[in-house]
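This report describes selected local features of one protein model. The topics are a pocket, two individual residues and a set of charged pairs.

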Amino acid sequence: MAANSFRLPTLLRRASHAFKLTPSLHLNQNVSSYCTLFSPPLPTPLASSGICHIPQAIKGNDVDVLLNGVADKNTVEEVKHILEMARRASTRREVVHTNFLTPPVMKESMLALEKLADVEAIAQGGYPQAERCRISIGQPELLTSDPDIVAALSITGNFGFQSYSHGDFLGSILGTGISRERLGDILLQVGRVPVSCTKIPLEAIEYEPPSTKSFKTIEASLRLDALASAGFKMSRSKLVDLISNGDVRVNWSPITKNGTTLKTGDVVSVSGKGRLKIGEINSTKKGKFAVELIRYL
């Protein structure tokens with residue numbers, strides 16, 4: 001694709017027509033930004049495409065059983081649709097691909113797909129730490145490597161003298177008529193400036209791992225309210241209120257019980273406060289727990 005100067009909405013429409021597919025975007029910026037587009041499925045090496053989860057084998061059938069434990073109604077409906085896609089992939093011996101999925105839908109879909117038989121699932125989002133990912137589903141002999149379903153564009157422009165926000169870029173993209181489920185992560189944003197657009201390989205996307213701060217706390221239990229109140233530096237009563245209001249998630253799933261037990265690797269999200277990962281857990285001589293908490297900044 002030749003590099004040309006456009007206003008952002010026009011640029012994205014023309015990029016869409018060039019690929020004959022609806023774009024799905026990832027963005028990053030130093031002096032330039034990056035976005036990803038839906039791309040025709042062509043086999044590519046596994047290491048280059050940004051796998052969010054490892055390929056997973058599948059075993060099971062009853063939808064109600066597969067959806068057992070999924071509390072959010074909207075998530076249930078989205079997972080049902082993905083299970084229907086999986087059955088179609090198995091029956092027709094074809095590989096199917098979802099739109100970009102939110103982390104909760106991604107998690108519940110992969111858990112459900114693990115219980116099916118005859119198919120495998122691969123999730124990818126264009127770079128290793130992507131949160132919004134697409135799932136490819138097919139029989140093992142057909143899904144031998146991750147399909148090439150995400151393409152990247154480099155968007156460059158003079159953004160240094162513009163104020164900008166997440167809403168600037170997201171609004172410009174959605175303003176072209178592209179639906180949100182066609183978009184991946186937005187890593188960095190730009191304001192309304194002329195830009196040039198060039199197709200680049202996915203491995204050329206530049207991104208930085210999230211900044212974190214680690215510290216330890218000594219707690220009598222591994223309860224959610226104990227660890228999260230320590231991690232987010234708030235009173236336990238305030239955290240309990242946030243849990244009751246549905247503002248707390250563990251591994252992207254809504255939590256309603258403040259006594260939920262956490263383990264190493266769990267990620268706690270609190271609306272308006274960010275995310276916290278549970279690190280190493282050790283028992284102390286006094287019967288308490290020394291817990292490493294990793295706060296995403």
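The second largest pocket holds about 230 Å³ of space. The model in which this pocket is found is a predicted one. Its lining is made up of 13 residues, and those nearest the centre of the pocket are Glu78, Asn99, Phe100, Leu101 and Glu181. The greatest contribution to the lining comes from helix α3 (residues 73-92), which supplies four residues. By residue class, the lining comprises four nonpolar, five polar and four charged residues.

**Glu108**

Glu108 is part of helix α4, which spans residues 103-113. This residue is buried and yet has no salt bridge. The nearest side chain of opposite charge belongs to Lys107, at 4.3 Å, whereas a salt bridge requires the nitrogen and oxygen atoms to lie within 4 Å. When residues up to four places away in sequence are not counted, Glu108 touches Val70, Thr75, Val79 and Ser253.

**Gly231**

Helix α6 (residues 224-231) contains Gly231. Gly231 has a relative accessible area of 0% and is therefore classed as buried. Apart from neighbours within four places in sequence, its contacts are Phe215, Leu276, Leu293 and Arg295. Of these contacts, Leu276 is 45 residues away along the chain, with 6.8 Å between its C-alpha atom and that of Gly231.

**Salt bridges**

The model contains six salt bridges. Three of them are set out below, with the N to O separation for each pair.

| Acidic residue | Basic residue | N to O distance |
|---|---|---|
| Glu141 | Arg93 | 2.9 Å |
| Asp225 | Arg223 | 2.9 Å |
| Asp266 | Lys263 | 3.1 Å |

Glu141 and Arg93 form a salt bridge. This pair links distant parts of the chain, 48 residues apart: Glu141 is in the loop between β6 (134-138) and β7 (150-156), and Arg93 is in the loop between α3 and β4 (96-97). Glu141 is partly exposed, with a relative accessibility of 47%, and Arg93 is likewise partly exposed at 47%.

How accessible are the partners in the other two pairs of the table? Arg223 is partly exposed, at 31% relative accessibility, while its partner Asp225 is buried, at 2%. Asp266 is also buried, with a relative accessible area of 4%, whereas Lys263 is exposed, at 52%.

Key:
Residues are numbered from 1 along each chain as its sequence is written. This is a predicted model: local features need pLDDT of at least 70, side-chain atom pairs count only at pLDDT 80 or more; totals for chains, interfaces and linings use all residues. Side-chain values use heavy atoms; hydrogens and water are left out. On a 1 Å grid over the protein atoms alone, a cavity is a set of points where a 1.4 Å probe fits but cannot get out, and a pocket is an open set with protein on both sides within 12 Å along at least five of seven lines; lining residues have an atom within 4 Å of a point. Grid points are joined across faces, edges and corners, and a volume is the space filled by probe spheres set on the points. Helices (H or I, at least four residues) and strands (E, at least two) are DSSP runs, numbered from the N terminus. Ala, Val, Leu, Ile, Met, Phe, Trp, Tyr, Cys and Pro count as nonpolar, Asp, Glu, Lys and Arg as charged, and the others, Gly among them, as polar. Buried means under 20% relative accessible area, exposed over 50%, partly exposed in between (1.4 Å probe, protein chains only). Lys and Arg count as positive and Asp and Glu as negative; His and the chain ends are not counted. Contact means heavy atoms within 4.5 Å.
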